[in-house]
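I opened a notebook page for this structure and meant to look up the strand pairing, the backbone geometry and the ligand site, in that order.

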Amino acid sequence: MRELTDRISSEGEVIGSEILKVDSFLNHQIDPEFVLRMGTELARRFKDEGVTKILTVEASGIAVAMAVGLALKANVVFAKKKRARTQTEGIYSASVTSFTRNETVDIMVSKKYLSANDVVLVIDDFLAHGQALQALVEIVRQSGARLVGAGIVIEKEFQGGGAPLRASGLRIESLVKIENMENGKITFG
Ligand code: 5GP
C-alpha cells in the first residue's frame, strides 16, 4: 500500500534495528481516515470469506480491527492481556512472549464472544516474530471457529514470524512488508 510506505518513510522512527515506531498515525496518535483506508483495504482482500468476527489483541490492533469490522459488517473481539492466569473458566487463553517488551503475558477471550459457528479474520498492527499471531490462532483453534486468515498492517519479514505460519497453511495478508531496518534505513519488500 503506497500511502503506508510513504508515511512509514516520512514519519516512522527506527529504534535499534528491530523496532519501528509509527506513533504519529497508529500506535499513539491515530489518524482515523488513514486507519479507515487501511482497514478497508484489508477487508477487501477477505471480502468473500463470509467473516463473522474480527479478532485482535489489545491495544494497538483495535483501531485497525474496527476499521476492518466496519467494512465487513462484523463485530470486533479484542483479546485482553492478563499478567497472571487468574481465571480459566469461560475463557480461551494463550501465552504471548513479547520480544519488544521482553515479557510473557496471557491473552484471553471470553467464550461468550467466539464460538464454533464463527468465521474469523485475525487482524494486528505488526507481525514480527509471530508470537502474538500464533496466540490468536491458538484462541481461534480452542473456540472451534473457522479461521480464514490474518490481515497485518506492517510485517517485518526479517524477524521471520510469517514463514512458519504461512507454511502451516495460514493465509496472511500484509499491507506492507519490511525486509530490513539496518542502520536506521527501512528497506521495503
Ligand atoms: P510478534 O509477536 O509478531 O513478535 O510481535 C507482534 C506484536 O508486537 C504486535 O502486536 C505489536 O503490538 C508488537 N510489535 C512488534 N514489533 C513492533 C514494532 O516494530 N513496533 C511496534 N509499535 N510494535 C511492534
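**Sheet and strand pairing**

I began with a single bridge, and I found that Lys 80 has Met 108, in E6, as its bridge partner. I kept in mind from the outset that I was reading a predicted model.

I then looked up the two strands around that bridge: strand E4, residues 75–82, and strand E6, residues 103–110, pair in the antiparallel sense over 3 bridges. As a reminder to myself, strands of a sheet pair through backbone hydrogen bonds, in either a parallel or an antiparallel way.

Widening the view, I traced an open sheet of 8 strands in the order E5-E6-E4-E3-E7-E8-E9-E10, and I noted its pairing as mixed. I marked strand E5 (91–98) and strand E10 (187–188) as the edge strands, since each of them pairs on one side only.

**Backbone geometry**

Next I went through the loops on either side of H4. Where is Ala 59? I placed Ala 59 in the loop between strand E3 (53–57) and helix H4 (61–72), and I recorded that a cis peptide bond joins Glu 58 and Ala 59, with omega at about 0°.

In the loop between H4 and E4 I came to Lys 73, which has a positive phi of about 55° although this residue is not a glycine.

**Ligand site**

I turned to the ligand last, and I noted that it sits in the largest pocket. How many residues surround the ligand? I wrote down 15, the closest being Leu 20, Asp 124, His 129, Gly 130 and Lys 156.

Sorting the shell by character, I entered 6 nonpolar, 5 polar and 4 charged residues. Which elements each supply at least two residues of this shell? I listed strand E2 (19–21), strand E7 (119–127) and helix H5 (131–143), and I noted that E7 gives the largest share, 4 residues.

For the polar contacts, I entered an oxygen atom of the ligand at 2.8 Å from an N or O atom in the side chain of Asp 124. I also entered a ligand oxygen atom at 2.8 Å from a polar backbone atom of Ala 128, and a ligand oxygen atom at 3.0 Å from a polar backbone atom of Gln 131. My closing entry on the site concerns cover: on its own the ligand has 500 Å² of accessible area, and the protein covers 84% of it.

Methods: Residues are numbered from 1 along each chain as its sequence is written. This is a predicted model: local features need pLDDT of at least 70, side-chain atom pairs count only at pLDDT 80 or more; totals for chains, interfaces and linings use all residues. Side-chain values use heavy atoms; hydrogens and water are left out. A residue is near a molecule or strand if one of its heavy atoms lies within 4 Å of it. A polar contact is a pair of N or O atoms within 3.5 Å; within protein, one must be able to donate a hydrogen and the other to accept it, and residues adjacent in sequence count only if both atoms are side-chain atoms. Accessible areas come from the Shrake-Rupley method with a 1.4 Å probe; for residues, only the protein chains shown count as cover. On a 1 Å grid over the protein atoms alone, a cavity is a set of points where a 1.4 Å probe fits but cannot get out, and a pocket is an open set with protein on both sides within 12 Å along at least five of seven lines; lining residues have an atom within 4 Å of a point. A molecule sits in a cavity or pocket if more than half of its atoms lie within 2 Å of its grid points. Ala, Val, Leu, Ile, Met, Phe, Trp, Tyr, Cys and Pro count as nonpolar, Asp, Glu, Lys and Arg as charged, and the others, Gly among them, as polar. Two strands pair if DSSP finds at least two bridges between them.
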